[in-house]
2 protein chains.
Amino acid sequence: MPSIGIVSPKTMHFAEPLQLQSGAQLRDYMLMYETYGTLNADKSNAVLVCHALNASHHVAGVYADQPKNVGWWDNMVGPGKPLDTDRFFVIGVNNLGSCFGSTGPMHNNPATGKPYGAAFPVVTVEDWVAAQARLADQLGIAQFAAVMGGSLGGMQALAWSIMYPDRLRHCVVIASTPKLSAQNIAFNDVARTAILTDPDYHGGDFYEHGVVPRNGLKVARMIGHITYLSDDDMAEKFGRKLRGVEDYKFGFGVDFEIESYLRYQGDKFSEYFDANTYLLITKALDYFDPARRHGGDLAKTLAATKAKFFLASFTTDWRFSPERSREIVQALISNRREVTYAEIDAPHGHDAFLLEDERYMNMVRAYYERVWKEQA
Amino acid sequence: MPSIGIVSPKTMHFAEPLQLQSGAQLRDYMLMYETYGTLNADKSNAVLVCHALNASHHVAGVYADQPKNVGWWDNMVGPGKPLDTDRFFVIGVNNLGSCFGSTGPMHNNPATGKPYGAAFPVVTVEDWVAAQARLADQLGIAQFAAVMGGSLGGMQALAWSIMYPDRLRHCVVIASTPKLSAQNIAFNDVARTAILTDPDYHGGDFYEHGVVPRNGLKVARMIGHITYLSDDDMAEKFGRKLRGVEDYKFGFGVDFEIESYLRYQGDKFSEYFDANTYLLITKALDYFDPARRHGGDLAKTLAATKAKFFLASFTTDWRFSPERSREIVQALISNRREVTYAEIDAPHGHDAFLLEDERYMNMVRAYYERVWKEQA
């Protein structure tokens, strides 16, 4: 299946301050985004794709000068793909606080002229959605055909359906959850502790010191990575295979393939990801709990929604297990919303939402067929 | 149920070098141990209790000068307890490499006159068992009524049954596994990475620098702790309860009770536990795989055993799940060994093996009744 090919990121500047959930304001900010396909005359074929922890606006295609930098959901979005850019006008937008282009901790704080660092305000899923809505305003999109995301991206799609019920016809929520569990928060907080206690973090102002808290970021990523894979998948891929040797080395270095893999992933991540962004995004995950304002009653919260829903979960996902998706499905059904739900038997844990899987892709494709037919 | 009361640790010195699995030798070493109850005339009522990651020889009772320092299995071992010290002579022994008294990285290396630090040889479960066997020799115990342990302690009991089949009549293996999975190793390696990359680790020679890699140890313990508790148990105990506030704080500090709990546990641990010991013990866990010498055939490995077995596992233990215990049970049954197996429906995850649970305690009690009757 061909990719959409060469794409280019765009930026949009917003001069009007954004009021954040924390009470703080972002005086002035920029969003980086990409679009694929063509917006139709009545602007009814737009689909917003929201990204998860370490992704960006670069959803599909490649850059002219970086032919190997393929968008993170290129298998999902493109001509003839499940989300077909021959039909839909797809938007990928980088969230506030990210380190991939939109205004974030690495950018200058207009109040001080120095990088925000840890002074960048804590942003929530709802803040991201509010910023995305302004981007839609600027693009003249009053209503999306769909808002879609996986994991943390799914939380944004869900928040869209609650905050702006008239601005999306369909809400596509994959491998997500209505809120983190204590165990989810625990893993995030260990990752944060690793970063915060790295002496190179310098209270968030490491940019000024010309260093990066690489060790903290590495450990944070290693922990995260374990939770993205299933136990079985790890067993099959790595098991107890030794790394390039016949016997144990009887030291504290790498003996097993799994160690080599995780340390490598951690090192790679620490080279390109920003520590303050990692802290911000894990806090946005922890804080997401739209039912909180209704005393935990998700059904009451989702009464505000008007969209039709597609949800999918993966059987071996122990980070956001199928049970979490089913909670959303139940709450929607109790509100008599139209819901399509697929529980996909896939071995790859939480990461499955990013991977090729025929049944999964076919379900999404079929759903977008329906979205397309409804509007045609 | 009364505790055994005031107990005192003892030490035993071994001048004969111990040949280790790695090929290295420990020239000279000391083991710290405690005993409870009375060894009978024919020395047939001795039970060895092996400890897990962060425990020690202090299995039961308290110290005269530390009335709150209760042994880690005091609910299991004592007069009238499931392992009844009115009947059995129970021995707790601290393993080599530990930081609780037996020779370890904090002790002086006789070759250099300075603390071993990272130069302390990597020890395995089998090395520990060999050292324990020498202690038994010195105490004149040719055969144990039982060797018992939970988690890593269960691995030692299992290793006893393979290495010294004639030296134990019963083998009690609780919440254990015949080998770590890739996921288990992964968690250990993240913990190790946190310690190894802490600048205060100083390549293992932090003693000389007058510092301790507290941050690394803290993160290591936080990760470990998550794997000891069940998801459900965490949800019930902590859920999304906020720590002493009504609303999110919108910072990177503690918002949730679970964060406060884990950070506190991490801090406490980093004050008393030795970083080199943590590295050593996690490596001993990773390396344990007795079936390895038989190409992974556990049944072939356990053909060497002669003991009768008691195994127990806990339904919510996702670190060493019941499936792992069942592997051992199957391999024993295929060798026509006598096996009693209890799969206990308990909510507390891996930690359940240390906690009060009526069904669990009754099963162990009933088993020791049998051990007692057989020898009477």
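## Charge and surface

In this predicted model, chain A carries 37 positive and 44 negative charges, and the mean positions of these two sets are 4 Å apart. The surface that chain A exposes amounts to about 13600 Å², of which carbon and sulfur atoms supply 50%.

## Overall fold

Chain A contains 11 helices and 12 strands. Its radius of gyration is 21 Å, close to the 21 Å that the globule rule gives for 376 residues, so chain A is as compact as a globular protein of that length. Measured out along the principal axes, the C-alpha trace of chain A spans about 65 × 50 × 50 Å.

Of the 376 residues of chain A, 61% count as buried. When contacts in chain A are restricted to pairs of residues at least 6 apart in sequence, 72% of them join residues at least 24 apart.

## Annotated domain

The unreviewed UniProt entry assigns the annotation "domain: AB hydrolase-1" to residues 45-355 of chain A. This span is 37% helix and 13% strand, and the C-alpha atoms at its two ends lie 25 Å apart.

## Annotated active site

The "active site" annotation, which likewise comes from an unreviewed UniProt entry, covers Ser151(A), Asp317(A) and His350(A). Although these residues span 200 residues in sequence, no two of their C-alpha atoms are more than 10.7 Å apart, so they gather at one spot.

## Surroundings of Ser151(A)

Ser151(A) is placed in the loop of chain A that runs between strand S9 (144-150) and helix H2 (152-163). Its relative accessibility is 6%, and because the cut-off for a buried residue is under 20%, Ser151(A) counts as buried. Leaving aside residues up to four places away in sequence, Ser151(A) touches Ala52(A), Ile174(A), Ala175(A), Ser176(A), Phe320(A), His350(A) and Phe353(A); one of these partners, His350(A), also belongs to the "active site" annotation in the UniProt record.

## Surroundings of Asp317(A)

Asp317(A) is found in the loop of chain A between strand S11 (308-314) and helix H10 (322-334). With a relative accessible area of 2%, Asp317(A) is buried. Again not counting residues up to four places away in sequence, the residues that Asp317(A) touches are Ala175(A), Pro322(A), Gly349(A) and His350(A).

Read together, the two contact lists bring out His350(A) and Ala175(A), which are among the residues touched by Ser151(A) and are also among those touched by Asp317(A).

Technical notes. Residues are numbered from 1 along each chain as its sequence is written. Chains are lettered from A and ligands numbered from 1 in the order in which they are written. This is a predicted model: local features need pLDDT of at least 70, side-chain atom pairs count only at pLDDT 80 or more; totals for chains, interfaces and linings use all residues. Side-chain values use heavy atoms; hydrogens and water are left out. Helices (H or I, at least four residues) and strands (E, at least two) are DSSP runs, numbered from the N terminus. The radius of gyration is taken over C-alpha atoms; the globule rule is 2.2 Å times the number of residues to the power 0.38. Buried means under 20% relative accessible area, exposed over 50%, partly exposed in between (1.4 Å probe, protein chains only). Contact means heavy atoms within 4.5 Å. Accessible areas come from the Shrake-Rupley method with a 1.4 Å probe; for residues, only the protein chains shown count as cover. Lys and Arg count as positive and Asp and Glu as negative; His and the chain ends are not counted. The place of a charge is taken as NZ of Lys, CZ of Arg, CG of Asp or CD of Glu. UniProt positions are given in the numbering used here, feature names are shortened, and annotations may be inferred rather than shown by experiment.
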